[in-house]
Structure formats: structure tokens, C-alpha cells
Amino acid sequence: MIDVTRAARNQRIRLYFKRYALHFVIGGIFLVLTNYLALEIPGRVGLAIEGMQNGVDLAGIKDHAIWIIGLAIGAGIARILSRVYIFNAGRLVEYDLRNELFEHLAKLNLSWFSSMSTGDITSRVSNDVNFVRLLYAIAYLHVINTVVAYALALNKMVALDWKLTLFCLIPYPIIFIGVRFIIHKLFKQTKIVQTELSKISSRVQENLTGIQVIKTYTLEGREISRFKALNENFVEENIKLVTIRGGLQATMTLLSGAGTLVILLVGANWVVAGNLSVGQFVEFNGYVVALAFPTMGLGWVLSVWNRGIAAFDRILEVLFTKPTIEDPAEPVAIPRPAVSGQISFEGVSFAYDQSDAISDFSVEIPAGSKVAIVGRTGSGKSTLVGLLARLFDPQHGRILVDGVDIRDLELRRHRARLGVVPQDPFLFSMTIRNNVRFGYDAQLDDPEFSRLSEDSADPTLKVLAKAGLDQDISSFPQGIETQVGERGITLSGGQKQRVTIARALLVEPSILILDDALSSVDNQTEQEILDHLDEVMDARTTIFITHRFSALSRMDRILVVDEGRLVEQGTHEELLAFGGVYAELNEHQKLKEELEG
Ligand SMILES: Nc1ncnc2c1ncn2[C@@H]1O[C@H](COP(=O)(O)OP(=O)(O)OP(=O)(O)O)[C@@H](O)[C@H]1O
């Protein structure tokens, strides 16, 4: 994970303050006005008391009372407006930050997602962005409020009696040393709590996704205990945080109480000695009381600030991670009509981490040919697909489509001409129609993809028929408009696979890649679907990855991959005759089928 420096973080914090400067400045002006008006009140109270002492002047007292009410109303209105502007700014920062984060996540390399848990990422997008909002709204508001309140009140206190003001300030330096110490601990503990919260989100997310496995292995009890342990840890860390925060708040309350104590001890003596009038004493006390709330609130605000900073760091860790799979500076134009679909792997090697998943892989796949890739599990077949789709870039060698290195092509244009049906089909919580049209609609809306044109007849049903799902769909409650996923029906593995095949066919790809895409249908259904797909495959380059050998006689060529290397290639008959890895895999497959009956 990227280390976020203090300078980089502060620069980012300033960026959002600058972006919504008008909101923050207007809010700040209303805060000044709030304090200015509120701090006029003690002076009026003092004058009213002086008036009483010099013989009761009811008309004068009424005047002061009307002033005090007017000032209180004015301060109240200014307070509301200050909050409207500053809280709105906080919401706008939250909106921007969440959008930026989501946009950046969409661009990050696939490998980054493998290194992070989904729960942790979700926690950053939801909880952490919210904590940053509070930093901009609550923390800014109270810090400015405290500074303004102190500046205005101290000014008035000094004007009234500078010696008494100095007495009031005596406890401050000592208490502030303690506060610095507490804040350091608070920051560390806040980060720990946020990490624990992420762990909880991750565990919930993982358990919900894997609920079927948990139930199958009757692991509910174990998972509940594990979750409890995680939750207990979270509570323990939170209790530590609350203790530190409590210490901070107590210190700030002590600070505000100290002022009142000084006033009572010193001020009262001076009143008795005749050095301070009762009116001045009350006025002075009014300022100290007015400062009590901002001082006490400062403890809480500092913890909101710290939590916001810790959350900002977690967000910036994501935002500062650079995607390496990006568009080239000057992409090579893809000719129209799209491509013929000739593929070359030239000495390609790729490692996810330490050891090579693909080693020195070279092959030529002619345009319009049907090529199968077979090999033992974990031999690197899906990795080859990932490399072709530029989900990762090879460390050595290059991949060319129609003679152009795919790293020199605009990503979306390159990917738009691939129709990839992944090993694990994924359907969104939407209707079957929208699931099938997922990539197609986006390309249709893009004027640059003129190769697709909407026929008057909906092509969705046509591709669903090609994928062999039309019969199943007619039995669904709302046919093609049936919702799937969280809000709808659950499709079988084979049905899901066929929806994703239809999704890939609809974009009319130049290169169709079926990565074990028929593993969940039976042999006969597979043959039927392949019969439907024959016409589709004839019109484009097809890469067909499979563990079943029944379909391989349809292929022009079969590539045999072992431990990331291309070890054999030829037709089904040639490879059987060769008697190598392919023949061995074929034997295994036969044996397995016999055993399964
Ligand atoms: N995201 C990843 N991070 C690290 N290693 C990975 C990752 N994905 C795959 N691998 C490793 O790379 C190797 C090749 O995996 P790949 O999925 O390409 O094999 P495969 O031939 O498609 O397997 P299968 O037939 O089981 O689908 C395996 O050793 C696998 O453990």
C-alpha cells in the first residue's frame, strides 16, 4: 500500500478548501458575525447591572433588554447561516471525493483488487468518505468558531482588565502540553479503529458471498464465533479510543472551568477591594462563560479532525495508487471495420508475483480461425486470456492484434472488439435483457462505435437463442424481463453461463473468447450450443478454453499449455497420435467420464 506523506495529504486537504472557498468563506463570515453579536451581550448585561447600581433606571434596563434579545436573535440567524454554508460545503466535498474514488477504482489494475478485500474498499468509499466530510464541516466550523470566539472575547477581556485576562490564561500552556500528547495517541488509536471497522466490513461481505459454502460445511457456529471475536476486538479498540477522547474532553472542560475559577478567586477579591465594578465582573464572567462551549467542544472537534485525517490517508492510499494498464499517449487508430482478428503472442512471459504463470509463450493465431487452449488446471489458460484483454501486461514479450502491439491501442477500443466469456459468469441485479445488453448499450450510446447499429428488431432474443437459452427463458415468470440476482430469481450455473455468452455475442466481437464457458452444462447441451455457435465462430477468431475433449474436433488447431508454456499444438488427431501431454489429458478425461458413468 502507498505511503501518504503529510505534505501530499495537506495539499489535498487544501485543494477541497480552495474548490469550495466561497462556501467556507461565507460560512466563516457568518461565524464571525455570530460571535461578534453573541459577545456584545455580556457588555449589555454589565451595563444593565451598572445601571441598577446607579439607581434603578427601568427605561435604560428595558433598552438593554431589547438590545440583548435583538443580539441573541441576530446571533441565532447568523449561526444557522454559517452552518448552512459550511455543512453544504462538507456535502459537496463528500460528493466529489466519493465520485473521484469510484472513478479511480474503476481504472485501477485488476491485480490491485486481488490484494485488497472488498469490505475494506467498501469501508473506504462509505465510512472514510463520511469521516472526511465531518472534517470539512464539523471540524472546520468549530475550529474557526473557537479561533474567532477567542480573538473577539480576548480583545474585549483585555480592554476590560488585561491583568485579570492574564490570570485567566495561566492554565493554558500547561494544559496544551497535555493536549498535544493526547492528540498524538488519539490519531494512532483512530487509525486502529478504522482498520478494525474495515475488517468487520470485509468479514460480513465475505460471509454473505460465501454463505452457501458456510452452510454446506455447517460452519455457521465457527463463523459466528470468529465474527464475535472480531467485533469484541473492535469494541475494545473503540473503548480505548473513547478513553483517550474522554481524557481530551476532560482536559478541555478543565481548561474552561479554570477560567471561571480564576474569575471567582481573583475577580471577586478585586470587586471587594474596589478595583473592579460588579458590572465589569459580570461582563468579564460573561466572556469566560461564552468561551466555555468552544473550549470544551474543541476536544471533540480535535478527535473529529483526527478521524478525518486518518480517513483521508486511507482514501489517498487508493487515489495515489497509479493504474499501470492505461491508454498509450498516442494510440494507434483501429481501422474500420474493426479488425480481422489475427493474434500473435511473441515471447510472452508473465508473473503475478514471484514465479512465471506464462513463460516465453509464442504463437500465431490466424484471423477467422478456431483455436482451443487446453491444459491441466492452473497451467495458465485464463492468464493468457487476461493478457490478451490487457487486464495485465506481460513483463516480457508482446501481444499483437492485426500486427499492432495491444499496448499501443486505446484500451476501450481494444476491449470492445473482444467478446470474453469468463470462467465465473457474473450477472448484475437487473433483468436478463439488461444483463445481455450490458456492453452493447454502452457501445450503442458511443458515437465512436459506429460499427454497431440497432436493428428495428431487438437482437437480444437472437443472441439468447444462439446461446441456447431461449427455451429456459420462456419458462421464466417475465421472460426476458425477469429480474435476476438479489432482487429476482437465481439462475443455474449453466443458465448464467449462457447469459454471459449472449452478452459477448451481442457486441459482435472480432475475437470471441470462451474461457471454460460451458463447463456447467452437460455434454449434449454443450454440443447443441456449439452447433448454434458454429456460424458465429466462422465469422471471427475464436479462442475456446475447455477441460472437455468432446468439442475439440471442431477446432482448427489446439494449443496445449503446461506450466505456462506452449508444449504442443496441432489438430485433435495429430495430438493424439503424438502421444504427449494432450494424449495423456485425453486418457484422463475418458477415464473420468467412464467412472462418472
Ligand atoms: N490473481 C492471481 N494472483 C496470483 N496468482 C494467480 C492469479 N491468478 C492465477 N494465478 C496463478 O497463475 C497460474 C495460472 O492460473 P490460470 O488461472 O491462468 O490457470 P488455468 O489454466 O486457467 O486454470 P484452470 O483450468 O483451473 O482455470 C496458477 O498457478 C494460479 O495459481
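Start with the transmembrane regions: an unreviewed UniProt entry annotates residues 20–39, 64–81, 134–152, 164–183, 250–272 and 284–305 as such. The model on screen is predicted.

Select residues 164–183. This span is 95% helix and 0% strand, and its end C-alpha atoms are 30 Å apart. Next select residues 250–272, which are 100% helix and 0% strand. Here the end C-alpha atoms lie 32 Å apart.

Now show helix H4 (residues 58–107) together with helix H10 (residues 278–319). Their axes come within 9 Å and cross at roughly 35°, and the crossing of H4 past H10 is left-handed. Which residues make the contact? On H4, pick Leu-97, Glu-100, Leu-101, His-104 and Leu-105; on H10, pick Ile-315, Val-318 and Leu-319. Coloured by class, the residues of this contact come out as 6 nonpolar, 1 polar and 1 charged.

Move to the ligand and display the 13 residues around it. Which of them come nearest? Label Tyr-352, Thr-377, Lys-381, Ser-382 and Thr-383. Then highlight helix H11 (residues 381–388), which gives the most to the shell around the ligand, with 3 residues. By class, the shell holds 2 nonpolar, 9 polar and 2 charged residues.

Finally, zoom out and colour by domain. The domain assignment gives domain 1 as 6–319 and domain 2 as 429–508. How far apart do the C-alpha centres of the two domains lie? The distance between the centre of domain 1 and that of domain 2 is 51 Å.

Key. Residues numbered from 1 in each chain as written. Predicted model: local features only at pLDDT ≥ 70, side-chain atom pairs only at ≥ 80, totals over all residues. Axes fitted to C-alpha atoms, helices over the stretch in contact; angles between N-to-C directions. Helix = DSSP H or I, 4+ residues; strand = E, 2+ residues; numbered from the N terminus. Left-handed = near helix turned anticlockwise from the far one by under 90°. Contact = placed C-beta atoms within 7 Å. Nonpolar A, V, L, I, M, F, W, Y, C, P; charged D, E, K, R; others polar. Near = placed C-beta within 6 Å. UniProt positions renumbered as here; feature names shortened; annotations may be inferred. Domains from an automatic or database assignment.
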